[in-house]
Amino acid sequence: MQELTTTRHNLHIDPSMSVWGWEIPVYLFLGGMVAGMMLISGYFLFSKRYKETNCACYTLPIISLILLSLGMFALFLDLEHKLFVWRLYTTFKISSPMSWGAWILLLVYPVIIANLLMGPPQFLVNKFPKVNNLTNYIHKHPRLIQNIGVANMLLGGLLGVYTGVLLSTMGSRPLWNTSILWVLFLVSGLSTAAAFVHMIAKNVKERELLAKADNGFLTIEIFVIALMLIGLLTSTQVHINAAMLLINGSYAPVFWVFVVGMGIIIPLIIQLLAVNHKIKHTPIAPIMVILGGLILRFVIVSAGQYSHWLNAHSH
């Protein structure tokens, strides 16, 4: 994939090298989390939860804007030719994931802002009092709110899928070159977003709903990881070697302890006990899920950098 050569790190690396650029994994993590938050907020709007004044759909847009902007800044830092980033918007290549991503990200902002205008933060109202006119207009048109909800879910889904497709189209990296990677990144993004919203939600029903939803996402994530590894293990020798990097190779300890153990299994147990009212809801499980999601991106990106056809002879 030609586009990723604009990043500094499209080189094979020695796994003993401990220093590796943080920008791409952070961008993929924040992009995935924002995608999940858009899907959740869109669902709340579409299911008319916005009628509750403490609905998370009023706080998520401002958080989404901040996180997405931080993610975009991380991506910008990683670009080698920063002054030519505008060229992504002068053309559209249907076969280019970077082209799709650039336009998806451009469309995501107005959709999040439309959601934000439903309940703008006080500092925005103080600075621009006329914002209230837009808020009142939106609330007078329930059909418009539902459309904003659908747009959030649609663009959120595309953003979540794109974060995985961006890597999976690189045939030169066997670990990334799997058609299930986008599913893993989408489910992981939903899981981290559900965990985050569960942690900050003021509405008790939403907190309970998102804890249950996150349990579902974490369970699906386990199966997706298993399917991804099985897919690699039943492919060519170079794909088997790529899978072994995670199973028992140099990335295995971090993968099994921090991604699978701390990021999925332990929080799943804690949240299952919480939703069955065996223990109180605690921020410990959501924090573990979020950290696990971040570490997952670092492991997949870093191990993928090392897995390539020239390393077919070794793990």
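1. A good place to start is Phe 44, which is buried at a relative accessible area of 1% (buried means under 20%, exposed over 50%, partly exposed in between, with a 1.4 Å probe and protein chains only). Please keep in mind that this is a predicted model, where local features need pLDDT of at least 70, side-chain atom pairs count only at pLDDT 80 or more, and totals for chains, interfaces and linings use all residues. Residues are numbered from 1 along each chain as its sequence is written, and side-chain values use heavy atoms, leaving out hydrogens and water.

2. Phe 44 also has a charged companion: Arg 49 lies over its face, 5.9 Å from the ring centre (a charge sits over a ring if NZ of Lys or CZ of Arg is within 6 Å of the ring centre and within 35 degrees of the ring normal). Elsewhere, the charged end of Arg 297 sits over the ring of Phe 185, at 4.9 Å from its centre.

3. Now for the aromatic pairs, of which the structure holds two (rings of Phe, Tyr and Trp, the last by its six-membered ring, pair if their centres lie within 6.5 Å; planes under 30 degrees apart count as stacked, over 60 as edge-to-face and the rest as tilted). Tyr 43 and Phe 44 make a tilted pair, 6.1 Å centre to centre with 50° between the planes. Tyr 43 is partly exposed, at 43% relative accessibility.

4. Which rings form an edge-to-face pair? Those of Phe 255 and Trp 256 do, because their planes are at 75°, with the centres 5.1 Å apart. Phe 255 is buried at 1% relative accessibility, while Trp 256 is partly exposed at 39%.
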